[in-house]
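Hello,

Here is the structure I promised to pass on. Please open it first, then read my notes below.

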Amino acid sequence: MTHRKLTAEELKFYCDPAKFEFETTETVAPLEGIVGQERAARAMEFGLSIKRHGYNIFMTGLTGTGKISYAQSLVSKIAEKELVPDDWCYVYNFESQGHPVALRLPPGQGNRFKKDMEELVDSLKLEIPKAFDADDYERQKTTLFKEFQEVRGELLDELTRTAAEQGFILRRASTGFVSIPLIDGKEISTEEYEALPQEVREEMERKSAEIQFKALQVMRRIQNAERGMKEKVKELEIKIGLFAVGFLIEELKERYGEPIAGYLNAVQKDILENLDDFRGGEEEESVPFPWLRRKGEPGFKYRVNLAVDNKDTLGAPVIVETNPTYYNLVGRVEYENRLGMVTTDYGMIKAGSLLKANGGYLILQAREVLSNPGTWEGLKRVLKTREACLENLGEQFGLLAMSTLRPQAIPVNVKVILIGNPYLYQILYHFDEDFRKLFKVKADFDTEMNLDRHNMTSMASFISTHCQRENLHHFDRTAVARIVEYSSRLADHQRKLSTRFNELVEIIYEADAWAQLNKAEVVSGGHVKRAIAEKIYRSDKYEQKLQELLAEGKILLDLEGEKIGQVNGLSVLNSGDYVFARPSRITAVTYLGRRGIINIEREIRLSGQIHDKGVLTLNGYLAYRFARERPLSLSASITFEQLYSGVEGDSASSAELYALLSSLADLPVRQDLAITGSVNQWGEIQPVGGVTHKIEGFFKACRLKGLTGRQGVIIPVQNVNNLNLSDEVVEAVRAEQFHIYPVASVEEGVEILTGVPAGQPDGGNYPPGSVFWRVEQKLQFYHQRLKKDENNDGEKDSSDRCTGSGPCH
């Protein structure tokens, strides 16, 4: 019997440097766009082109596939062709102080408007005092005061004459006027007044009441005159103030137009109502602490809080928020502590990333958004309502109850690009009803791409881009070829390349470092190999420890000879940054009984569900092959020897089956071979993962014990194109010191392991001497023996029942 062995050329993808037309990447054009992500690229272009509500983008894929860098480059390229969005300012609300007003200005004018308002305040501080210091104002004010004094004097004189005519004289008191009676032109005392006849006193009291009434009327007329004077003075001040302010406000109205004109009208009205704020100077000096004057200083209400400034923006804004807390994303109203008092004002309103990206694009990491309290709900609220309403997070959760500002909401039109892994996408899609409404475009990044000439050339451009951008040594064609081979190994496929560019970039950087240490002008293939080898050496400590245990004989493993019911299985271990394989001894024991196959790992709960399924599948295979005409009478136990950390997966199910068949057929199997592959109930060998690591793991064990020229690994035939073995294994196969057998069925594997034909049924029976004939004979023996024992037990029970008195039926 001869079975196919893989040749050295079938064991890996070899990239011929001669296929590249360049000598070094210095002459290779930099990469434009992204490599090998056609599906994701088309989804991104569509998502960025459609400007409808809810068509935000979720970029999903494993870490290291270039999502962030691609998103930034593509979005920036599109954004620079779009219009620059408007600026947004917050200003004082003269009608409701607690509700600042949001003003929209063309891009770049927000900063100019802010400076113009600052200059306006400075001008007011100069022009208003100057206008009121003029002689004309003082002269007009003095005239008004003199007119009031004249009217007041005339009214008081009239009152005095009326009192004298009635025989009284008036004296001013704190409560008004006191009328004192006169007799013969002289004031009388209280005693003299009391001595007067009753009729005279009553007459004097009547006249005094009339005089007091007259005095009250006069005082009202004086107050009206004073009020009229003050109003005229106020009108005069407004006229003077308007003269000083009007042309400044009109100039701003002409410059900015509506709706700024409405705000400027309110500013002008407030200025004219508070002209005294700009006329005084002594009160300011009397305040002991300068910071206490800030809110009361002239023009403080006329400041402009420039929340969003796009004066330096080219095209639509592209914001990458690296710390998406609620306040960084939505915005906040800040507070400050002044002498134990917490205060705020509209100037302390801070815009978040959503407002800064308004009219453009916002790139976020999904994991960071979801891990910050309130951020995800805040983001959804803005996207649903299409406006940003600045609220403190504590108020939403009822943690704070304090007076604060309620800024006017700003309309938001932003395209959000959320970046996350497939797990987060599925969780949000299925458990958040808003997610599918707000993120309707999915850009799914693959972890691999086809290995063709176009993608190989693109890989060279990718290397060239990093060499130019990071000032690295350029790579020659052999170095590029080794990078392509390494990419194919990462993809676990001879016709695929990996798109986990982060891992490729690590090798590019490290190869450049080795070239620099060797004082080479360019990076060669040797430097790339050195970088890969050193990277493995830094991470393979645990593999080396297992190798030491194997060398010392503490891990039991037979690599020569033949044994019954024992095979070598292969399992893959992942330490995080390094993946390697460990050979394990798998043993099977069969015996008389009906318990079926017992998985020892399952009994002690060290077996995963998929491994349990693989073991149960073996029952189905044995029934399919050997129990069509009689029950399957069998008890067997299977275990991974010296395995204490648990086992998962069905890649060892074929090895477990070979151990069972060996035990049932009483045929020894080769111990210089290891097996990997899954099996189904029909006996077909199915592909598994990690084949490259498994072969290399067994090869290292064989090399440690010494290569005999017979050792090798049996793998599923479907996994041949997944091989990308190390050069050491390839050379050993080329020298016929190591062998790899691809198989498609259990029969092929059994024949390789035992050297005996598996056997094909002829008329329902297997050929004598074949493996399956031996197995069938053993199972038939088990069945007959069990049936005989059951019959003997039945006769014994019957005999026991007939030992009493009376007939036995």
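**The second cavity and its helices**

The lining of the second largest cavity holds eight nonpolar residues, two polar ones and no charged ones. A caveat before going on: this is a predicted model.

The volume of this second largest cavity is about 50 Å³. Its lining consists of Y658, L661, S662, A665, L667, V669, V750, L753, T754 and V771. Two helices, α24 (653-665) and α27 (746-754), each supply at least two of these residues. The largest share, four residues, comes from α24.

How do α24 and α27 sit relative to each other? Their axes come within 11 Å and cross at roughly 60°. That angle makes α24 oblique to α27. The crossing is right-handed. On the α24 side, the contact uses L657, Y658 and L661. On the α27 side, V746, G749, V750 and L753 take part. By class, this contact has six nonpolar residues, one polar residue and no charged residues.

Some names turn up in both lists. Y658 and L661 of α24 belong to the helix contact, and Y658 and L661 also line the second largest cavity. On α27, V750 and L753 are contact residues, and V750 and L753 are lining residues as well.

**The largest cavity**

How many cavities of 30 Å³ or more does a search of the whole structure find? The search gives two. The largest encloses about 80 Å³ of space. Its lining is made of E543, L546, Q547, L550, I555, L557, F580, A581, R582 and P583. The elements that give two or more residues to this lining are α21 (541-551) and β22 (579-591). By class, the lining of the largest cavity has seven nonpolar residues, one polar and two charged. The charged residues in this lining are E543 and R582. The polar one is Q547.

**Two more helix pairs**

Start with α6 and α7. Helix α6 covers residues 198-256, and helix α7 covers residues 260-273. They pack at an angle of about 160°, with axes 9 Å apart. α6 is therefore roughly antiparallel to α7. Here α6 passes α7 in a right-handed crossing.

The residues in this contact are:

- From α6: K234, I238, G241, L242, V245, G246, I249, L252, K253 and Y256.
- From α7: I260, A261, L264, N265, V267, Q268, I271, L272 and E273.

By class, the α6 contact with α7 has 12 nonpolar, four polar and three charged residues.

Next come α17 and α19. Helix α17 spans residues 453-469, and helix α19 spans residues 501-517. Their axes come within 11 Å and cross at roughly 60°. This makes α17 oblique to α19. The crossing of α17 and α19 is right-handed.

Which residues of α17 meet α19? They are M459, F462, I463 and H466. Opposite them, α19 brings F501, L504, V505, I508 and Y509. This contact divides into eight nonpolar residues, one polar and no charged. H466 is the polar one.

**In brief**

For your notes, the cavity volumes are about 80 Å³ for the largest and about 50 Å³ for the second largest. The lining of the largest cavity includes two charged residues, whereas the lining of the second largest has no charged residues. The α6 and α7 contact has three charged residues. The α17 and α19 contact has no charged residues, and the α24 and α27 contact has no charged residues either.

Best wishes

Technical notes
Residues numbered from 1 in each chain as written. Predicted model: local features only at pLDDT ≥ 70, side-chain atom pairs only at ≥ 80, totals over all residues. Heavy atoms only, no water. Axes fitted to C-alpha atoms, helices over the stretch in contact; angles between N-to-C directions. Parallel < 35°, antiparallel > 145°, perpendicular 65-115°, else oblique. Left-handed = near helix turned anticlockwise from the far one by under 90°. Contact = heavy atoms within 4.5 Å. 1 Å grid on protein atoms, 1.4 Å probe; cavity = no way out; pocket = protein on both sides within 12 Å on 5 of 7 lines; lining within 4 Å. Points joined across faces, edges and corners; volume = space filled by probe spheres on them.
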